[in-house]
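Reader: Hey, got a minute to walk me through this model? I'd like to see it before we talk.

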Amino acid sequence: MASATEIYSGAVDKGLEGVVACTTKISSIIDATLTYAGYTIEDLAEHSNFEEVVFLLWNNRLPKPNELEQLRKDIASNIKLETELVKVLKTIPTKNIHPMAWLRTAVSLMGLYDSQAEATTPEGRRAVAIRLTSKMGQLVSAFERIRMGKEIIEPVKEKSVAWNFLYTLKGKEPETDLVKIFDTCLVLHADHELNCSAFASRVTSSSLSDIYSSVVSAIGALKGPLHGGANEQVMLMLKKIGSLEKAKSWIKDALDNKEKIMGFGHRVYKNGDPRAKILATMSEKLTKKMGEGHWYEMSKLIDDTVQSEKGLLPNVDFYSATVYYSMGIPIDLYTPIFAVSRISGWLAHIFEQYSNNRIYRPRGEYTGNRNLKR
Ligand code: COA
């Protein structure tokens with residue numbers, strides 16, 4: 001009997017490297033240039049904001065002023081977590097639970113309280129998308145408040161997703177420049193072509209399953225240290241190294257032991273991740289401003305060492321770690337923050353998949369036993 005690779009006359013593409021699985025208009029990576037619907041990430045980081053990027057990713061064009069206003073209004077009227085949901089969230093475990101595991105569960109629970117969860121009309125699906133995008137940050141800050149035994153804080157309707165995340169996390173109005181930095185982080189993380197979690201969301205939606213199921217699949221994929229989980233691991237590594245003096249030898253030893261250095265390397269970018277360059281500048285400025293400059297200096301030395309020893313460049317997760325650290329955000333919330341932004345990209349991918357669907361069903365090359373009898 002012919003094997004799968006014989007039928008398809010190819011070799012096994014481990015990790016699907018180089019496989020083009022769909023067409024997309026959402027974002028593109030060409031050499032070291034990342035664009036969202038045709039706009040470079042540098043342009044968007046400087047001149048756009050998260051809400052505008054949400055519209056861009058969902059509509060493949062920038063919003064007119066009234067359209068952006070409407071989106072902001074829709075987000076504002078959906079941003080507060082419903083009382084019923086909060087009641088249930090307070091009953092699920094937070095102790096010794098990774099925030100990504102909690103978030104995965106919380107989003108799934110949220111679906112049970114959403115009467116439009118199974119919607120198949122464009123209007124119904126947009127309503128679900130608005131709710132998920134508005135509330136993801138509120139779920140993350142609620143997790144932090146619940147585990148610390150603090151009251152959940154109500155978001156302020158007139159404010160942005162970034163402002164409300166920082167406000168409800170810390171319980172005090174955030175400084176304007178910190179809101180701008182955090183908003184830029186949300187812009188930078190919003191989408192990234194067919195990354196592991198976007199692909200997971202598309203695989204689930206390709207069976208014509210609902211949006212919540214697709215997003216839960218994506219959160220599960222983002223959680224892993226080879227994907228979104230790397231930003232948390234970067235900060236833990238910096239803390240483990242402890243000082244600038246130890247950084248170079250620590251990295252050399254790790255590389256000699258064939259360990260992976262978190263925040264370096266990329267499947268697609270071989271000449272550097274453009275988001276890492278923007279985040280490196282942000283990290284340098286912010287760590288210095290907050291009196292935490294040694295974290296940037298250590299990161300820069302690690303960056304130089306990994307480049308010279310292994311020829312690998314930093315990815316989005318490397319310098320975002322010290323940006324979040326300087327903002328006083330708990331380390332294990334870095335990956336959930338990724339989800340606060342990436343929900344916009346996942347939803348764009350889910351919509352695109354629904355609009356041009358064929359179920360994902362690759363083949364596996366069978367390498368197990370044959371012709372056995374019991
Ligand atoms: N540190 C040390 N070596 C690394 C490395 C890293 N961060 N990333 C890749 N390499 C090495 C691998 O060990 C491998 O070396 P080998 O050929 O001698 O075995 C080679 O580079 C290719 O790596 P591979 O893991 O096959 O690349 P990939 O395309 O499958 O994986 C990543 C890409 C991003 C998962 C990988 O670079 C990685 O694990 N990075 C660290 C985690 C991370 O930062 N993830 C966030 C991504 S945005």
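Reader: How do strand 2 and strand 3 pair?

Author: Strand 2, residues 33–36, and strand 3 run in the antiparallel sense, joined over 2 bridges. Strands here are DSSP E runs of at least two residues, numbered from the N terminus, and two of them pair if DSSP finds at least two bridges between them. Tyr 36 has Tyr 39 in strand 3 as its bridge partner.

Reader: What's the strand order in the sheet?

Author: The order is 1-2-3 in an open sheet of 3 strands, with antiparallel pairing. Strand 1 (27–30) and strand 3 (39–40) each have a single partner strand, so one side of each lacks a neighbour in the sheet.

Reader: Before the ligand, what are the ground rules?

Author: It's a predicted model, where local features need pLDDT of at least 70, side-chain atom pairs count only at pLDDT 80 or more, and totals for chains, interfaces and linings use all residues. Residues are numbered from 1 along each chain as its sequence is written, and side-chain values use heavy atoms, with hydrogens and water left out.

Reader: OK, how many residues surround the ligand?

Author: 18, with Lys 260, Ile 261, Gly 263, Phe 264 and Arg 267 the closest; being near takes a heavy atom within 4 Å.

Reader: Which backbone atoms are close to the ligand's nitrogen and oxygen atoms?

Author: A polar backbone atom of Leu 226 is 3.0 Å from a ligand nitrogen, and one of Gly 263 is 2.8 Å from a ligand oxygen. For Phe 264, a backbone N or O atom lies 2.9 Å from a nitrogen of the ligand.

How values were computed: A polar contact is a pair of N or O atoms within 3.5 Å; within protein, one must be able to donate a hydrogen and the other to accept it, and residues adjacent in sequence count only if both atoms are side-chain atoms. Helices (H or I, at least four residues) and strands (E, at least two) are DSSP runs, numbered from the N terminus.
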